[in-house]
Amino acid sequence: MNVRFNVLIVVVLLATSCSQKNDPITISPDDFHNSVDKVTEIMIHDIFSPPVASRIFAYPNIAAYEILAKDATEYTSLADQLTGFSEIPAPESNEKLNYDLAALIAHIDLSRQLIFSENRIEVYRDSLYSMWEAKNPEQFNASKTYGLQVASHIATWMDKDNYKQTRTMPKFSVDSDDPSRWQPTPPAYMSGIEPHWNKIRPFVIDSANQFKPSGPPPFSMEEDSDFYKELKEVYDISNEITAKGDDSEEVAIAQFWDCNPYVSVTRGHLMFATKKITPGAHWIGITKIATRKSNANVVQTVHAYTKTSIAIADAFISCWDEKYRSNLIRPETLINEHIDDSWEPVLQTPPFPEYTSGHSVVSGAAATALTSIFGDDFAFDDDTEVAYGLPVRSFTSFNAAADEAAISRMYGGIHYRAAVEIGVKQGRDLGQFVVDNLIMLKK
């Protein structure tokens with residue numbers, strides 16, 4: 001009896017083991033959130049500039065979306081809708097293929113190609129690979145093969161967007177003889193970042209200058225000029241809100257939307273950096289909040305990430321085109337030279353020209369994309385900055401959040417009013433163009 005019983009146990013265990021190795025692999029929206037969060041974490045570590053970070057978000061999302069659109073009948077491919085983008089290859093067989101899994105594998109692989117610290121994402125990837133392979137090796141291998149095939153297709157297209165060429169272009173030349181032109185700002189006095197970003201191939205917009213905004217007020221240090229009034233407004237608002245101390249709502253708003261990936265801190269002879277997310281990453285975080293609140297499934301989640309990241313990426317191309325065209329000096333430089341040599345802005349001034357406000361343009365574009373998905377009155381609690389010691393802020397809509405992000409730059413002392421107000425319009429106009437011209441849901 002004991003021998004028969006032991007044999008029975010062995011048979012049951014073998015059957016259970018075989019069953020476990022053939023269980024279907026289930027991918028949830030949280031698996032995609034985790035992948036995006038891992039990429040964001042690595043981008044913070046690697047200190048990517050805001051424009052470059054927007055590129056890193058966009059391509060992996062597009063790869064994942066294209067795979068899912070092959071299987072989801074209500075969604076349509078972005079082939080021939082994005083500049084220079086051709087349809088991804090069809091899978092050789094659907095028999096063992098898990099489209100959700102293939103999409104996630106493609107997302108992870110393209111992300112790995114776009115960041116510096118590849119080992120960090122490889123450790124994350126390999127732990128997932130081991131888990132999936134142990135659960136269902138046939139499904140995992142079929143999905144991995146297709147996911148990597150699509151990632152390669154996207155990478156070939158990505159490789160032609162002029163990014164590599166801009167890495168070898170000359171640094172931005174500062175014109176010290178023109179008092180209106182941008183000058184490096186304290187404490188690090190860094191060179192202007194990404195002066196050639198307008199040469200990056202756009203995704204949906206026709207060209208970098210398609211949404212060229214009207215110009216800022218003409219430069220003048222005459223006290224009755226519009227430009228000087230805007231300069232003085234920055235100074236006056238800064239003094240007013242900092243005088244409130246810890247009770248200043250405006251300072252809290254400025255800090256919440258700071259999103260400066262490289263803040264230089266000087267202590268004695270030591271200079272070091274504190275790392276934060278970029279403005280685009282903040283809006284990607286808001287996308288996660290919205291998809292979770294709406295109980296979006298996998299394809300709905302990836303759709304939201306993809307549409308929003310494309311709008312953000314094109315917004316950076318448009319904004320940076322204007323920044324290095326108008327090449328306008330920052331408030332900090334002029335206030336220190338002409339009004340108060342001891343004044344410091346609430347936020348550290350980022351290292352690139354002033355006009356238009358990057359936060360304003362990107363926030364306007366992202367909010368427009370998200371509104372097209374979730375609606376005009378989608379209220380949410382934004383906990384994106386909790387990891388950086390800042391409290392949750394609540395918004396009645398994406399547009400309300402975008403307006404606050406825009407005005408935060410004035411409260412921070414780093415932008416004039418024109419850069420904020422015209423910038424958010426520039427972003428919304430661009431965002432609406434993306435929404436109108438990017439057909440993702442079949443009618």
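**Salt bridges and nonpolar cores**

Asp178 has a relative accessibility of 24% and therefore counts as partly exposed, because the buried class is reserved for values under 20% and the exposed class for values over 50%. The model in which this residue sits is a predicted one. The partner of Asp178 is Arg181, and the closest N and O atoms of this salt bridge are 3.3 Å apart. Arg181 is likewise assigned to the partly exposed class, with a relative accessible area of 25%.

This pair belongs to a wider set of charged contacts, since the structure holds 23 salt bridges. Another of them joins the side chains of Arg125 and Asp126, with an N to O distance of 3.0 Å. Here the two partners fall into separate accessibility classes: Arg125 is buried, at a relative accessible area of 17%, whereas Asp126 is partly exposed, at 36%. Salt bridges can also join into a network, as they do for Asp109, Arg112 and Glu118.

Which residue forms a salt bridge with Asp37? The partner is Lys288, and the closest N and O atoms of the two residues lie 2.9 Å apart. This salt bridge links distant parts of the chain, for Asp37 belongs to helix α2 (residues 29–46) and Lys288 to helix α10 (residues 279–293), with the two positions 251 residues apart. Lys288 has a relative accessible area of 17% and so is buried, while Asp37, at 31% relative accessibility, counts as partly exposed.

From the charged pairs we turn to the nonpolar interior. In soluble globular proteins, nonpolar side chains tend to be buried together. In this model the largest nonpolar core has 121 residues, and those with the most contacts inside it are Leu82, Trp132, Ile154, Phe203, Trp283 and Phe398. The element that gives the most to this core is helix α11 (residues 298–326), which supplies 15 residues.

Phe203 offers a convenient point from which to look around. Once its neighbours within four places in sequence are left aside, Phe203 is in contact with Ala58, Tyr59 and Ile62, with Gln81, Leu82 and Thr83, with Trp157, and with Ile310, Ala313 and Asp314. One of these partners, Leu82, is itself listed among the residues with the most contacts inside the core. A second core, separate from the one around Phe203, has 14 residues, including Leu231, Val234, Ile329 and Ala418.

Definitions and conventions:
Residues are numbered from 1 along each chain as its sequence is written. This is a predicted model: local features need pLDDT of at least 70, side-chain atom pairs count only at pLDDT 80 or more; totals for chains, interfaces and linings use all residues. Side-chain values use heavy atoms; hydrogens and water are left out. A salt bridge is a side-chain nitrogen of Lys or Arg within 4 Å of a carboxyl oxygen of Asp or Glu. Helices (H or I, at least four residues) and strands (E, at least two) are DSSP runs, numbered from the N terminus. Buried means under 20% relative accessible area, exposed over 50%, partly exposed in between (1.4 Å probe, protein chains only). A nonpolar core is a set of buried Ala, Val, Leu, Ile, Met, Phe, Trp, Tyr and Cys residues joined through side-chain atoms within 4.5 Å. Contact means heavy atoms within 4.5 Å.
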